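Q: Please take a close look at one helix of this structure and at the elements it packs against. I would then like the account carried on into other parts of the fold, with the residues named wherever possible.

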Amino acid sequence: MTTWITTHGGRLSSPSDVEFDTPDPARTALERTVAIPLAHLGILDVRGPDSIRFLQGQTSAQLNLIDGHFAPLTAFCSVKGRVVANAQLLRVGEDHFRLILDRSLVEPLAQHLGRFAAFYKAELEPNPDIALIGIMGSESAALTEVDCDLNAPGVWHQANSNGTIALGYPGPQPRYLIMVPGPQADALFERLLKQCVAVGNAIWKLTDIQSGLHFITNEQQDTWLPQMLNWEAQAGISFKKGCYTGQEVVARAHFRGQVKKRLFRAQVEGSEMISIGSQVTNTDDKRVGEIIACQQDAYGQSEVLAVLNISAEDMNLSFEGRRMQLLKLPYSIERLDPESLAPPGQS
């Protein structure tokens with residue numbers, strides 16, 4: 001499944017990390033349109049006549065909104081309301097839904113949901129046979145139309161054509177996630193490289209950070225409420241739907257104002273990469289949170305996402321003596337109902 005990557009000069013430094021020899025890839029991504037193998041993401045398909053009823057009882061998304069056009073964020077929680085996995089949820093066909101999430105959580109989520117799926121006519125199928133390719137930059141919308149035969153969709157929406165699906169993602173530049181059957185990946189990537197530069201998936205991860213977006217890994221399971229990942233600010237939680245696992249805790253935290261931690265975007269001085277899980281401290285050397293994602297930007301600085309106490313916004317922060325400067329998120333920390341983003345008449 002990865003031969004299409006190596007054929008075009010890419011190498012996998014791990015199953016989830018792709019690199020190319022493109023010089024200064026972060027700066028290249030600012031100046032050129034780039035194509036990116038998204039090896040860190042995976043697919044879990046949900047099929048069967050009961051797939052809607054099954055998912056409705058497990059996910060924070062409102063299933064009647066997901067119609068093959070609207071493809072929102074969602075979260076799966078434990079009974080204590082902690083995020084077991086977060087993902088993007090789309091509809092592929094009748095009785096066929098698809099989750100895009102961190103690849104390390106595809107099998108664990110399938111096992112977690114399998115305990116509930118046993119009571120429904122629904123099957124969970126990890127799908128490694130679909131290739132995921134990112135296109136990002138000023139020409140990405142045009143390339144999605146020309147090379148993928150798809151109208152470029154809006155953010156958290158999808159477009160479909162002959163087995164190829166495009167998803168719109170947020171970011172400082174337009175970007176799209178393209179899904180194609182594995183045998184078609186090589187030809188599509190070759191077409192894209194006539195107009196794009198290939199870069200590693202660290203650039204997509206960096207853009208997620210700049211977008212205030214984080215898909216948790218298997219090491220981060222069962223740690224945070226979805227609101228601590230700013231999920232309701234990105235339309236990842238429907239507060240208008242009925243019960244789902246963890247819903248009572250998630251709703252109570254929202255309506256009673258009990259969310260004491262939030263996802264912050266920041267820059268840490270120095271170019272040295274920061275280990276995930278590293279502690280963030282204030283001037284009194286008191287822990288106020290932890291770093292959950294880190295990548296180097298075009299200026300050689302470490303950009304991070306961190307889950308911090310809300311009060312950290314007014315503090316001087318550091319990581320192991322290195323100053324941390326909070327950066328503005330590209331969205332407001334306010335509830336954004338997915339119903340407001342769905343097509344008219346769907347809510």
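A: The description that follows begins with the helix, moves to its surroundings and ends with a separate sheet.

The model is a predicted one. Helix α5 spans residues 140-148, and its buried residues are S140, L143, T144, D147 and C148. These residues lie on the same side of α5, because they cover an arc of only 105 degrees around the axis. The general background is that an α-helix has 3.6 residues a turn, so residues three or four places apart point the same way. The partners of this buried set come from both strands and a helix: the buried residues of α5 pack against β9 (130-136), β11 (164-169), β12 (175-181) and α6 (182-192). Just after α5, the backbone at D149 adopts a positive phi of about 60 degrees.

Of these partners, β11 can be followed further. Strand β10 (residues 158-161) pairs with β11 in the antiparallel sense, over four bridges. Within this pairing, Q158 stands opposite L167 of β11. The two strands make a hairpin with two residues between them, and N162 in its turn has a positive phi of about 50 degrees.

On the way from β11 to β12, the chain passes through a loop that holds Q173. Is Q173 buried or exposed? With a relative accessible area of 18%, Q173 is buried, because the cut-off for that class is under 20%. Leaving aside residues up to four places away in sequence, Q173 touches A29, L30, M136, G137 and S138. One of these contacts, M136, falls within the residue range of β9, a strand against which the buried residues of α5 pack.

Elsewhere in the fold there is an open sheet of five strands, with antiparallel pairing and the order β5-β6-β7-β4-β8. Its edges are β5 (73-77) and β8 (123-126), each of which pairs on one side only. On average, and with direction ignored, neighbouring strands of this sheet are turned by 35 degrees against each other. At the β5 edge, five bridges join β5 to the antiparallel strand β6 (residues 83-93). One residue pair can be named here: T74 has A87 in β6 as its bridge partner.

A helix also lies across this sheet. Helix α4 (residues 106-117) crosses β4 (41-47), β5, β6, β7 (96-102) and β8. Relative to the edge strand β8, α4 runs at about 170 degrees.

Notes:
Residues are numbered from 1 along each chain as its sequence is written. This is a predicted model: local features need pLDDT of at least 70, side-chain atom pairs count only at pLDDT 80 or more; totals for chains, interfaces and linings use all residues. Side-chain values use heavy atoms; hydrogens and water are left out. Buried means under 20% relative accessible area, exposed over 50%, partly exposed in between (1.4 Å probe, protein chains only). The arc is that of the directions from the helix axis to the C-beta atoms. Contact means heavy atoms within 4.5 Å. Two strands pair if DSSP finds at least two bridges between them. Axes are lines fitted to C-alpha atoms, for helices over the stretch in contact, and angles run from 0 to 180 degrees between N-to-C directions.
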